[in-house]
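Okay, thanks for making the time, everyone. Let me put the model up, and then I'll walk you through a few spots.

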Amino acid sequence: MEADGHIDPDTFDLQQIDLRTDVLIIGGGGAGSAAALTAHHSGAKVTVVTKLRLGDANTMMAEGGIQGADKPGDSPAKHFIDTLGGGHFTNIKELVAVLTHDAPLAIKWLEDLGVMFDKQDDGTMRTLHGGGTSRKRAHSAGDMSGAAIMRTLRDEVRNIENIKVVEFAAAIELLLDENGNCAGAIIKNLETGRFVVIQAKTIIIATGGIGRLHIQDFATTNHYGATADGIVIAYRAGADFCFLDSTQFHPTGAVYPEQNIGLLITEKFRGAGAQLVNIQGKQFVYPLEPRDIESSAVIRECHERKLGIKTPTGRVGVWLDSPMVDILEGTGFVEKNFPAKFRQFAKYDIDIGKKPMLIYPTLHYQNGGIRITPDAETRIPNLYVAGEASGGIHGRNRLMGNSLLDICVFGRRAGKNAAEKSKQITPGKLSLNHLSQYYKQLHSIGIEKEKTAIAPIILPDYVGKIG
Ligand SMILES: Cc1cc2nc3c(=O)[nH]c(=O)nc-3n(C[C@H](O)[C@H](O)[C@H](O)COP(=O)(O)OP(=O)(O)OC[C@H]3O[C@@H](n4cnc5c(N)ncnc54)[C@H](O)[C@@H]3O)c2cc1C
């Protein structure tokens, strides 16, 4: 956040506006696409700018499922309590209330759009437990739930001619007007390196997570574009944050074979009966605790109790006994119900229906982020946030399946509210004064711009030079 930016705010030319739109959505993942559809259907002219291709996003990679209390014996109230418990009661309750209340509607919305959820023989939804849930309410599409959702949303966005999608376009700063309202963004064209000025009546940040910052040098499950860009630009523009220090380490990331390091092994395995066991074959933690508790237990088993298993390259992990699922459910269940994971290990001659997987926690999710209201608003007028870039819904620990849910619930709310608000706005004069002021303030308290780094970093340095 304190690094140098891509442009000099004192000399950058804002006279030429390259594009004007009602609603500008930054980020073409799940939250951005949900917002785009809803903003469009609320009557706004919508532009989506996205860093890679539409759908190159964490949403596409999600595995286990999406939560929603839509079955007998369950209720949004029970989902609300579970979510608060998972977050250690730090969550902003008004946001959890909206999340859990809207959940059955979000799942119906997705199904109506065409998402093929797993069903039982009688046609009702097949649901499973996630860690920390008192009812089976995770709806899935095999172990590729995110791909099922993202492809559907992406197709829907593509099918609407009036939603303009600009790919390989990374937002590198927000623009405010003379009254401090958000009024647009500066975009870097990653193919030409050129900067583009977009003026918008309302703006939605949907830039996702931060896994590629590799906090504490952990491997990550995240896609390459998860580099905290939205956090950086919103901070410089004066947004409020909550729980930004809180990151989620998913307990079951692969540590073997080396090519799979950091790869997520969905919680759905534990939901289906797999346990975590140490080198002695002993279970050392109840398998369906919330993620922070599971991860701590794995780290303790490996480093304090020294009961982990070493890999040939010197890494350490514990077993996730996927064969137990085939023992419980019948031979072939793992292959049929976890096809992605089955293939990812079969490539290295490991049949996970017969052999367990070696796992260790992996950097997975940003629990906190830009503070939002139940209407997905921020403290900066005309700036909205949805998805993993936002903070408060999950408190200090997110439960499995609640993120695919929040991108739909708050993506849709952001889209609708940003579209409605845009109808009342007359654009003002674009300005980068907030950025000049920000750097002056840093200087005045003795913090100099970090000259060796430029933020937002857009892509991690190990992918090579861009733009
Ligand atoms: C492997 C994996 C498995 C998961 N499984 C589950 C699960 O089963 N259930 C669940 O609930 N959650 C799961 N999650 C979490 C969940 O998928 C994500 O938190 C959620 O999908 C994030 O959606 P999003 O729209 O906020 O971000 P994303 O889907 O990541 O989209 C963000 C988009 O913004 C773009 N972007 C970033 N910076 C910029 C910029 N500067 N300018 C323009 N565009 C930018 C990115 O390229 C990307 O396209 C999983 C996550 C991972 C990584």
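Let's start at His-88, which sits just after H3 and takes a positive phi of about 55°. Keep in mind that this is a predicted model, so that phi is a computed value for a predicted backbone.

Now step back into H3 itself, residues 76-86. Which residues of H3 are buried? They are Pro-76, His-79, Asp-82, Thr-83 and Gly-86. Those buried residues cover an arc of only 120° around the axis, so they end up on the same side of H3. And what covers them? The cover includes strand S4 (66-67), helix H4 (93-113) and helix H12 (402-422).

Hold on to H12, since we meet H12 again at the ligand. The largest share of the shell around the ligand comes from H12, with 4 residues. H1, H2, H5, strand S8 (169-176) and H12 each supply at least two residues of that shell. There are 46 residues around the ligand, and the ones that come nearest are Gly-27, Gly-29, Gly-208, Gly-225 and Gly-387. Yes, every name I just read out is a glycine. By class, the shell has 19 nonpolar, 22 polar and 5 charged residues.

Next up is Asn-58, in helix H2, residues 58-61. Is Asn-58 buried or exposed? Asn-58 has 26 other C-beta atoms within 10 Å, and the cut-off for buried is 20 or more, so Asn-58 counts as buried. Leaving aside neighbours within four places in sequence, Asn-58 is in contact with Gly-29, Gly-208, Gly-209, Asn-222, His-223, Ala-226 and Glu-388. You'll recognise Gly-29 and Gly-208 from the list of residues that come nearest to the ligand. For a sense of scale, take Ile-92, 34 residues away from Asn-58 along the chain: their C-alpha atoms are separated by 24 Å.

Last stop, a helix pair. Packed helices get described by the angle between their axes and the distance between the axes. For H1 (residues 30-41) and H5 (residues 145-159), that's an angle of about 35°, with the axes 9 Å apart. H1 passes H5 in a left-handed crossing. On the H1 side, the contact is made by Gly-30, Ser-33, Ala-34, Ala-36 and Leu-37. From H5 come Ile-149, Met-150, Leu-153, Arg-154, Glu-156 and Val-157. Sorted by class, that contact has 7 nonpolar, 2 polar and 2 charged residues.

Okay, that's my tour. Over to you.

Methods. Residues are numbered from 1 along each chain as its sequence is written. This is a predicted model: local features need pLDDT of at least 70, side-chain atom pairs count only at pLDDT 80 or more; totals for chains, interfaces and linings use all residues. Axes are lines fitted to C-alpha atoms, for helices over the stretch in contact, and angles run from 0 to 180 degrees between N-to-C directions. A crossing is left-handed if the near helix is turned anticlockwise from the far one by less than a right angle, and right-handed if clockwise. Two residues are in contact if their C-beta atoms, placed from the backbone, lie within 7 Å. Ala, Val, Leu, Ile, Met, Phe, Trp, Tyr, Cys and Pro count as nonpolar, Asp, Glu, Lys and Arg as charged, and the others, Gly among them, as polar. A residue is buried if 20 or more other C-beta atoms lie within 10 Å of its own, exposed if 12 or fewer, and partly exposed in between; C-beta atoms are placed from the backbone. The arc is that of the directions from the helix axis to the C-beta atoms. A residue is near a molecule or strand if its C-beta atom, placed from the backbone, lies within 6 Å of it.
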